[in-house]
Amino acid sequence: MPRESEAFLRTWRVPETAEYLVARKYTRATLQFPDHLLSEAAKVAVSVQEYCASRDHEVQAYILADTTYNSLSVDEVAAAHVDADCVVHYGRASMTALSRIPAFFVFPTQDLDVDAVASSLSSSTLSSLDTPVLCFLDQPHLHQRPELAAEVARRMEAAGSLSPHWTWPDVPIRQLEPEALTASGAGLASCRAGDEHAQTDAAGDATRGACCAHQGDCSAIAPADSSAGELRAAGYRWSGTEMGAGPVTYIWIGAPDAPALQLLQLTRSTLPWWTLDPTTCTLEEGLPVGVRRLLRRRYALMERARDASIVGVLVGTLGVAGYLGAVEQLCNAAEAAGKKTYTLLMGKPSPAKLANFPEIEVFVLVADPQGQILDCKEYLAPIITHHEAMLAFSPDSEWDESLYRLDFGTDGPAQASQETDATSELALRAAKGLQLTPVATTGAHALTPASAADYLVHKRSWRGVEAPLAGAAPAVPRAAVEGRSGRAAGYQGEPSNL
């Protein structure tokens, strides 16, 4: 048995993790930790192996320290390097659908003062609300969700408040199977990572093709373990109350900088919001000013992307189900809009990496909804989301904050009209910031580049290796010439007095 204390085993859910590995006969498991939890990684890995050994099952545990993209999503790329059967994910998680490998999730735990929080929630302001309420708890506090919900209901009943219907969304599922296996109806016992490629039958392929534009947060595609009428957002699940069914009040209890809170507020910015920080038990009303400012900036970047002619599609995930369909959808929409695309796969994007592509005028990041780069001020070219790109590439689309989303979405391919009129072409060039100057010899117009990217596109002379396949005439063979020998400080044959 593990040598650590009972509190340690309970905090890191070592018995549940071992049961998950033993029941599925997994022998190679990767334990993924965010940076701030790495100090405990070695003890957790040893405890998991010892607990499995006590059940007569040997498990080789590998620690994943530096995630390929972001710590909220399952790092299937790193897990594939050791041919792992599954990933045990520690810390906050986005809970998006997986594409290749199953995962087990261990959320952080942080106790809150139930009495103080319940006292703030049952205040006269919230108790007088006449609309349904959705009350979200941050992932570290989910273990106290039933206790807090019961205490709030008791206090409101004692005060005689005619409170509306309160719903407490939860993250009931702490393990996910790959999209291919859940779509084809494969059982949990056969969900081995080594067997998943054999499960891709015709029915599974058809199902995956139908949901390529969806993600784990999208309620339009429900897996087999979800009930009818279940709604989802940011990994949470609940029933019966959503913004489309009428006015709803949203309450967040947790860290004010939690990634899930930002996703919820950006995608539900038109609804009433209350936030409560458990550390201070202060209740604040309204959407933060920073969220409003961020939405206005996202709108400006979307409009800027409309005028871009060269688009870079950044693949920011290899684990979220449907990412290939989203990339293909973006490329088709950009082509229909008359834009040229480059697909780039580089791990975590950074300003230095993207600066190597000065010709690209806008980047589209296909990534986990909670792993988007929304603040791109340090980048030379703006970075937009899949939803923003589909709006920018469609000439008839309009910006609507109530429909804003960060997942892959269900946006259809853009249909761009083919304009052949010369006046429209001149207007397009003018919108791109290019100056038109007359050419004396032909009477036509020449393009004067207004930026370094425009210069590389229109003025550079290098067009690639001159080969017959590129249109050049075959070169005359020449004999090889022996070059210099020696060191740069003094090649052989050079005068010694130089």
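# Exercises on a predicted model

Arginine 13 has a relative accessible area of 19% and is therefore buried. The exercises below concern a predicted model, and each is followed by a worked solution.

## Exercise 1: Arginine 13 and the start of helix 2

Locate arginine 13, state the sign of its phi, and then describe which residues of helix 2 are buried and what they pack against.

Solution. Begin with position: arginine 13 sits in the loop that joins helix 1 to helix 2. Next take the backbone, where phi of arginine 13 is near 50°, a positive value in a residue other than glycine. For the accessibility, the cut-off for a buried residue is under 20% relative accessible area, and arginine 13, at 19%, is buried.

Moving on to helix 2, which spans residues 14–23, the buried residues are Val14, Thr17, Ala18, Tyr20, Leu21 and Val22. These buried residues pack against two helices and several strands, namely helix 1 (6–11), helix 3 (41–54), strand 1 (28–32), strand 3 (86–90), strand 4 (103–106) and strand 7 (175–176). After helix 2 comes lysine 25, whose phi is also positive, near 60°.

## Exercise 2: The packing of helix 2 on helix 3

Determine the angle between helix 2 and helix 3, classify it, and describe the contact by residue and by class.

Solution. The axes of the two helices are 9 Å apart, and helix 2 and helix 3 pack at an angle of about 55°. Because of that angle, helix 2 is oblique to helix 3. The handedness of the crossing of helix 2 and helix 3 is right-handed. Helix 2 contributes Val14, Pro15, Thr17, Ala18, Leu21 and Val22 to the contact, while helix 3 contributes Ser47, Val48, Tyr51 and Cys52. Sorted by class, the contact of helix 2 with helix 3 contains 8 nonpolar and 2 polar residues, with no charged residues.

## Exercise 3: The packing of helix 5 on helix 7

Carry out the analysis for helix 5 and helix 7, giving the approach of the axes, the crossing angle, the handedness and the classes of the residues in contact.

Solution. Helix 5 covers residues 114–121 and helix 7 covers residues 145–158; their axes come within 9 Å and cross at roughly 50°. Helix 5 is therefore oblique to helix 7. The crossing of these two helices is right-handed. On the side of helix 5, the residues in contact are Val114, Asp115, Val117, Ala118, Ser119 and Leu121, and they meet Glu147, Leu148, Glu151, Val152, Arg155 and Met156 in helix 7. Divided by class, the contact of helix 5 with helix 7 has 7 nonpolar, 1 polar and 4 charged residues.

## Exercise 4: Helix 10, helix 11 and arginine 296

Describe how helix 10 and helix 11 cross and touch, and then decide whether arginine 296 is buried or exposed.

Solution. The axes of helix 10 (residues 259–267) and helix 11 (residues 289–306) come within 10 Å and cross at roughly 65°. The crossing of helix 10 and helix 11 is right-handed. In the contact, Gln262, Gln265 and Leu266 of helix 10 meet Val291, Leu294 and Leu295 of helix 11. By class, the residues of this contact between helix 10 and helix 11 comprise 4 nonpolar, 2 polar and no charged.

Arginine 296 lies in helix 11. Since its relative accessibility is 51%, arginine 296 counts as exposed. Although arginine 296 and glutamate 401 are 105 residues apart in sequence, their C-alpha atoms are 9.6 Å apart in space.

## Exercise 5: Threonine 30 and the protein as a whole

Establish the surroundings of threonine 30, and then turn to the totals for the protein.

Solution. Threonine 30 lies in strand 1, and because its relative accessibility is 0%, threonine 30 counts as buried. Leaving aside residues up to four places away in sequence, threonine 30 touches Tyr62, Leu64, Ala79, Val82, Ala84, Cys86, Val87 and Val88. Its C-alpha atom is separated by 9.5 Å from that of aspartate 75, 45 residues apart along the chain.

For the whole protein, the count is 16 helices and 20 strands. Of the 498 residues in the protein, 46% are buried. Among contacts with a separation of 6 or more, 68% are between residues 24 or more positions apart. The accessible surface of the protein comes to about 24,900 Å², and 53% of that surface belongs to carbon and sulfur atoms.

Terms used
Residues numbered from 1 in each chain as written. Predicted model: local features only at pLDDT ≥ 70, side-chain atom pairs only at ≥ 80, totals over all residues. Heavy atoms only, no water. Axes fitted to C-alpha atoms, helices over the stretch in contact; angles between N-to-C directions. Helix = DSSP H or I, 4+ residues; strand = E, 2+ residues; numbered from the N terminus. Parallel < 35°, antiparallel > 145°, perpendicular 65-115°, else oblique. Left-handed = near helix turned anticlockwise from the far one by under 90°. Contact = heavy atoms within 4.5 Å. Nonpolar A, V, L, I, M, F, W, Y, C, P; charged D, E, K, R; others polar. Buried < 20%, exposed > 50% of the residue type's maximum accessible area, 1.4 Å probe, protein only. Areas by Shrake-Rupley, 256 points an atom, 1.4 Å probe, with all protein chains shown as cover.
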